[in-house]
Amino acid sequence: MVQPSFNSKLPELPESIFTTMSMMAKTENALNLSQGFPDFPPDAKLLDCVHEAMRKDYHQYAPLGGIYPLREQIAEKIERCYGASYHPQKEITVTVGATQAIFTAITAFVYPGDEVIVLKPAYDCYEPTIVANGGRPVLVQMKGKEHQVDWDEVAGCITSKTRMIIINTPHNPSGRVFSREEMQLLENMLKGTDILLVSDEVYEHLVFDGLQHESASRFPDLASRSLVCASFGKTFHVTGWKMGYCAAPEYLMKEFQKIHEFAVFCVNHPLQHALTAYLKNPEHYLGLGKFFEKKRNLFIEGIANSRFKLEPTQGTYFQLLDYSEISEESDVQMAERLTKDYGIASIPISVFNKDLVDNRQLRFCFAKKEETLNKAIDILLKI
Ligand code: PMP
Ligand code: GLN
């Protein structure tokens, strides 16, 4: 059979590091602290809401942008947390996780030849989506092991072709939480330009040590050009549900929905009802920072006497560990050896960096039961 020939839209796409490491963890029977997902069940109350919704008559298509009561709950949550007002009907769309929100935001606005500034290390879904749309990712590496953003460098990358900037705070994989000053700098940088912002805020509720999540929606000029993407999967320990949303001003949301309509048309209907009921109690998300801070503290206090070096993560459920005093190996080799020889899987950071820069840091997910964290601590103390 002669296969039709074509040019791949993504010819150089390696296997996702999350797939690689999770599969390695499975075959090696290792503790899996690589891919970011909790190993504990979601709140039983949330599951009750799902059971209730499933028994009702919600088995056919939902409205394109999501059911109105859920969009209302989302708008209230944003207002409560960030003091920003979004119209439930015109400015919020329920999506298949944050991944589809980000995909749709990029696809709606990026034309062939457009440039999109991406801060590295970057979560893996931004660049392929930009490239598949004919855009060109312009990569700006965050500096050193602390992952500081050089905002002057970002400003220096802006050209007449810059269509969009993508940011992610709290930041995966570094755990950095962007400060108010940084967001204001960005706001001023973009003032008067036609540049849009995609703000990936999937870890919005996972912020520690009294820091505050500085959502793009808090800054009026920034919000007026932003598509804010969020994830119920991350927020409610249900990454397998793939439920999320995008919030943006009406003139952007109109375009977003044109792509959303033909990507998915609408999203799982009964789960939207379940989330609506669950969101009515703000404690279900306001307590998450403390919940995960405890887990972070258990983890970092447990390994305080190990040979790894660390800065306590500011947000997300990831902790970076620096192994430079333990080994000269590359982070990819180190992650593989720890999985195979010590039975603990992590994520090497270099794969997210510009030019695969290797700072000898591994990412560990601490969204785990105490029992799992204790096992991880025992292993890490032996390395
Ligand atoms: N952005 C970041 C930074 C992430 O870590 C993830 C992984 N959950 C996503 C987006 C995708 O979120 P979702 O699983 O809701 O598609
Ligand atoms: N967001 C998850 C992480 O950073 C991975 C999601 C995925 O496997 N694509 O670990």
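**Reading two ligands and their pocket**

Me: In this predicted model, which atom of ligand 1 is 3.1 Å from an N or O atom in the side chain of Lys234?

Reply: A nitrogen atom of ligand 1 is at that distance from the Lys234 side chain, and the pair is read as a polar contact because its two atoms are within 3.5 Å of each other. Ligand 1 also has an oxygen atom 2.5 Å from a polar side-chain atom of Thr99, and an oxygen atom 2.8 Å from a polar backbone atom of Ala98. Of the 390 Å² of accessible area that ligand 1 has on its own, the protein covers 94%.

Me: Which residues are around ligand 1, and which helix gives the largest share of that shell?

Reply: A residue is placed in the shell if one of its heavy atoms lies within 4 Å of the ligand. Here the shell includes Gly97, Asn168, Asp200, Ser231 and Lys242, and its largest share, three residues, comes from helix 5, which spans residues 97–109. By class, this shell has four nonpolar, five polar and three charged residues.

Me: How should I read ligand 2, and which side chains have an N or O atom at a short listed distance from it?

Reply: The polar pairs are again the place to begin. The side chain of Gln35 has an N or O atom 2.6 Å from an oxygen atom of ligand 2, a polar side-chain atom of Asn172 lies 2.8 Å from an oxygen atom of ligand 2, and a polar side-chain atom of Lys234 lies 3.3 Å from a nitrogen atom of ligand 2. For ligand 2, the protein covers 79% of the 300 Å² of accessible area that the ligand has on its own. Among the residues around ligand 2 are Phe18, Phe318 and Arg363.

Me: In which pocket does ligand 2 sit, and what lines that pocket?

Reply: Rolling a probe the size of a water molecule over the atoms shows where empty space is left. Ligand 2 sits in the second largest pocket, and ligand 1 takes up space in that second largest pocket too. The volume of this pocket is about 420 Å³, and of its 22 lining residues Gly36, Thr99, Tyr123, Lys234 and Lys242 lie nearest its centre. Helix 5 supplies the largest share of the lining, four residues.

Me: What is the volume of the largest pocket, and which residues lie nearest its centre?

Reply: About 820 Å³ of space lies in the largest pocket, with Glu12, Leu13, Pro14, Glu127 and Pro128 nearest its centre among 27 lining residues. By class, that lining has 16 nonpolar, three polar and eight charged residues.

Note on methods: Residues numbered from 1 in each chain as written. Chains lettered and ligands numbered in written order. Predicted model: local features only at pLDDT ≥ 70, side-chain atom pairs only at ≥ 80, totals over all residues. Heavy atoms only, no water. Polar contact = N/O pair within 3.5 Å; in protein donor to acceptor, adjacent residues only side chain to side chain. Areas by Shrake-Rupley, 256 points an atom, 1.4 Å probe, with all protein chains shown as cover. 1 Å grid on protein atoms, 1.4 Å probe; cavity = no way out; pocket = protein on both sides within 12 Å on 5 of 7 lines; lining within 4 Å. Sits in = over half its atoms within 2 Å of the grid points. Helix = DSSP H or I, 4+ residues; strand = E, 2+ residues; numbered from the N terminus. Nonpolar A, V, L, I, M, F, W, Y, C, P; charged D, E, K, R; others polar. Points joined across faces, edges and corners; volume = space filled by probe spheres on them.
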